[in-house]
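Hi,

Here is the structure I said I would pass on. Have a look at it first, and my notes follow underneath.

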Amino acid sequence: MAEYQKPLPAPSEVSRPFWDGLTAGELRLQKCEECRRHIFYPRSLCPHCLSQRLGWVKASGRGTLYSYTVVRRAMNPAFQTDVPYVFAIVQLQEGPRVTTNVVNCTPEDVQVDMPVKAFYDNITPEMTLLKFEPA
Ligand SMILES: [Zn+2]
């Protein structure tokens with residue numbers, strides 16, 4: 001297997017459960033134990049009520065496409081073989097929005113508000129990225 005040439009995420013102590021979830025094939029989100037809202041990206045304080053009482057829950061992995069663009073010129077040479085690809089913002093069923101890629105379809109198949117589901121892209125034995133595909 002060829003070595004992965006693109007930049008890799010660097011999980012922090014706070015975000016580690018998110019990355020471990022992806023490796024296990026599930027989307028895990030923080031949920032505030034005070035105001036009950038889901039949170040993305042992982043952090044130490046609830047962005048809605050500033051509570052530090054945040055837990056982790058398994059999310060549905062379902063959402064809709066909020067916005068997207070088609071990348072036709074790679075800004076990093078490591079992505080040159082991927083163009084054209086879809087850079088997107090997905091509105092999760094649980095509320096938060098996630099910056100991601102839509103894969104397993106052509107850019108022409110993509111449209112705003114389309115239903116999407118999580119796709120777990122195992123890029124290395126230790127790292128899985130959250131992407132989405134048509135539902
Ligand atoms: Zn809260």
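**What I found**

Let me start with one pair of residues: Thr64 has Gln91 as its bridge partner in S5. Please keep in mind throughout that this is a predicted model. That pair belongs to a longer ladder, since S4 and strand S5 (residues 85-92) run antiparallel and are joined by 8 bridges. S4 itself spans residues 62-71, and it also pairs with strand S7 (residues 115-122), again in the antiparallel sense, over 3 bridges. Over there, Gly63 finds its bridge partner in Val116 of S7.

There is a separate bit of pairing to look at too. An open sheet of 3 strands is ordered S2-S1-S3, and its pairing is antiparallel. Its edges are strand S2 (38-39) and strand S3 (54-58), each of which pairs on one side only. Strand S1 (residues 28-32) runs antiparallel to S3, with 5 bridges between them; Lys31, for example, has Gly55 as its bridge partner in S3.

Stepping back to the whole chain: you will find 1 helix and 8 strands, and the pattern along the sequence reads α-β-β-β-β-β-β-β-β. The C-alpha atoms fill a box of roughly 45 × 35 × 25 Å along the principal axes. How does the radius of gyration sit with a compact globule of 135 residues? Such a globule would come out near 14 Å, and the chain has 16 Å, which agrees. Of the 135 residues, 19% count as buried. Among contacts with a separation of 6 or more, 49% are between residues 24 or more positions apart.

Now the inside. Nonpolar side chains tend to be buried together in soluble globular proteins. Here the largest nonpolar core has 21 residues, and Ala88, Val90, Val102 and Phe132 are those with the most contacts inside it. At least two residues of this core come from each of helix H1 (16-23), S1, S5, strand S6 (97-102), S7 and strand S8 (128-134). S5 gives the largest share, 4 residues.

Val90 is a good place to click if you want to see how that core is put together. Leaving aside neighbours within four places in sequence, Val90 is in contact with Gly63, Leu65, Tyr66, Arg97, Val98, Thr100, Val116 and Phe132.

Then there is the helix. Which residues of H1 are buried? They are Phe18, Trp19 and Leu22. Seen down the axis of H1, the buried residues fall within an arc of 95°, so they line one face of the helix. They pack against S1, S7 and S8. Just after H1 comes Gly25, with a positive phi near 85°.

One last residue, Tyr68 in strand S4. Is Tyr68 buried or partly exposed? With 19 other C-beta atoms within 10 Å, Tyr68 is partly exposed, because a residue counts as buried at 20 or more. Setting aside neighbours within four places in sequence, Tyr68 is in contact with Val86, Phe87, Ala88, Val102 and Val110. Take Val110 from that list: it is 42 residues away from Tyr68 along the chain, and their C-alpha atoms are separated by 8.5 Å.

Over to you now.

Cheers

Key. Residues are numbered from 1 along each chain as its sequence is written. This is a predicted model: local features need pLDDT of at least 70, side-chain atom pairs count only at pLDDT 80 or more; totals for chains, interfaces and linings use all residues. Two strands pair if DSSP finds at least two bridges between them. A nonpolar core is a set of buried Ala, Val, Leu, Ile, Met, Phe, Trp, Tyr and Cys residues joined through C-beta atoms within 7 Å. A residue is buried if 20 or more other C-beta atoms lie within 10 Å of its own, exposed if 12 or fewer, and partly exposed in between; C-beta atoms are placed from the backbone. Two residues are in contact if their C-beta atoms, placed from the backbone, lie within 7 Å. The radius of gyration is taken over C-alpha atoms; the globule rule is 2.2 Å times the number of residues to the power 0.38. The arc is that of the directions from the helix axis to the C-beta atoms.
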